[in-house]
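I opened my notebook to look at two topics: cysteines and a sheet. Here is what I looked up, entry by entry.

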Amino acid sequence: LATSTITGCSRAMSNTQTIVIDPLPQQYTVSGGGAYCAGGTGVTVSLSSSNSGVSYQLYNGPDPVGTALAGDGTPLTFEPQTDAGIYKIMATDNITSCGRYMSGSATVVVNALPLEYTVGGGGSYCSGGSGVDVTLQSSNIGISYQLYRGGVLMGAPVAGTGGDISFGLQTIAGTYSVLATNDVTGCTMAMTGNTSVNILDLPVSFTVGGGGSLCNGAAGVSVTLSGTEGGMEYQLYNGTVAVGAAIEGAGDPLDMGAQTEAGNYRILATNPLTGCTKWMDGSANVIVNALPVAKAVNGGGSYCATGTGVAVGLAGSQSGVSYQLYNGSTATGTAVAGSGSAITFGMQTAAGSYSVRAT
């Protein structure tokens, strides 16, 4: 309607125009999102429902993500999202182009993986030993580190300290690795590399023999070994003292030589390549018996032919010792048992040089 501001005359203008207010797409609720570990497949974002003829575009902040999904009257689920951010969904009517954001949003959080450190330690040890240590070159507080042998858990997790950590001595042969887990997020990371534990064989056992008793000053008695391994070294010991030089085995029994010192003799076998050692089975005792105490022979002298002879005796004796008189190299009479006192061998009539052997 046009009206003159001077005369007040008015007139309706020709023709009309119609204004139509198109409705916005119906609102539904955004859900999904959440936290996941870096390197994972991500998390999905969903819409509680949708309408036909409406397109639904996912946004991470101001940026569209992927292609829009067509509404079909059912809930919609978008592909798993791997980028951190706050996700919203814009609904657009395909005919009117009217659009609006759906209710709510979904937050995607990407949790960092534990830092990588290098597994160390390991090595070889001799069978029956205490094992070898497995270590990690560093660690972080709030991270737990689990040792594995192959796919088998070894002990309890070790808490990170901010420095190197040790998993203790390991005695089972195998390949060891470490998996780190964030105590809060549960994210895991395999540590760099692995280490092996090897068990070295000990020398084969053989039996120590020989030994025995000998009289003081005699040539000694042998200590033997029932067999040997080629390449092994065998060292004789009297108690804790090494006797002589080590002897290399050749696969045959071994004679360690005549021993004149009293004691308990053992043999230690050593593999010179690995350093592994083993005491051989059993031991040999060498007993050195004391000689009888020397006593002075007395008596003798001259006598007239057809006389009764002269006595030969010993200034003293020991109980448990027998004393035999000799004229030159010929035994004279029977042995006389020691009594602890002087003894006599009786009257001797044969000329000669008399001596006494104590046994």
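**Cysteines and a sheet**

I began with Cys37, which is partly exposed at a relative accessible area of 24%. I kept in mind that this is a predicted model.

Next I asked myself: which cysteine forms a disulfide with Cys37? I found that the partner is Cys187, with the two sulfur atoms 2.0 Å apart. I looked up the angle about the S-S bond as well, and at -95° the link of Cys37 and Cys187 is left-handed. Cys37 sits in strand E4 (residues 34–37) and Cys187 in the loop between strand E19 (174–182) and strand E20 (188–190), so this pair ties together parts that are 150 residues apart in sequence.

Is Cys187 buried or exposed? I noted 0% relative accessibility, so Cys187 counts as buried.

A reminder to myself: a disulfide is a covalent bond between the sulfur atoms of two cysteines.

How many disulfides are there? I counted two, so I turned to the pair not yet described, using the cut-off of sulfur atoms within 2.5 Å. Cys126 and Cys276 form a disulfide, and their sulfur atoms are 2.0 Å apart. The torsion about their S-S bond is about -95°, so this disulfide is left-handed. I placed Cys126 in strand E13 (residues 123–126) and Cys276 in the loop between strand E28 (263–270) and strand E29 (277–279), so the pair ties together parts that are 150 residues apart in sequence.

I then looked up accessibility for this pair. Cys126 is partly exposed, with a relative accessible area of 22%, whereas Cys276 is buried at 0%.

What pattern do the disulfides follow? Counting bonded cysteines along the chain, I wrote down 1-3, 2-4.

I also checked two further cysteines. Cys98 has 18% relative accessibility and counts as buried, because the cut-off for buried is under 20%. Cys215, at 44%, counts as partly exposed.

My last entry is about a sheet. Three strands make up an open sheet, ordered E3-E5-E8, with antiparallel pairing. Why is one side of E3 and of E8 left without a neighbour in the sheet? Strand E3 (30–32) and strand E8 (76–77) are at the edges and each has a single partner strand, so one side of each stays free of a neighbour there.

I looked at how E5 meets E8, too. Strand E5 (residues 45–47) pairs with E8 in the antiparallel sense over two bridges. For Leu47, I found that the bridge partner in E8 is Leu76.

Notes
Residues numbered from 1 in each chain as written. Predicted model: local features only at pLDDT ≥ 70, side-chain atom pairs only at ≥ 80, totals over all residues. Heavy atoms only, no water. Pairing = 2+ DSSP bridges. Helix = DSSP H or I, 4+ residues; strand = E, 2+ residues; numbered from the N terminus. Buried < 20%, exposed > 50% of the residue type's maximum accessible area, 1.4 Å probe, protein only.
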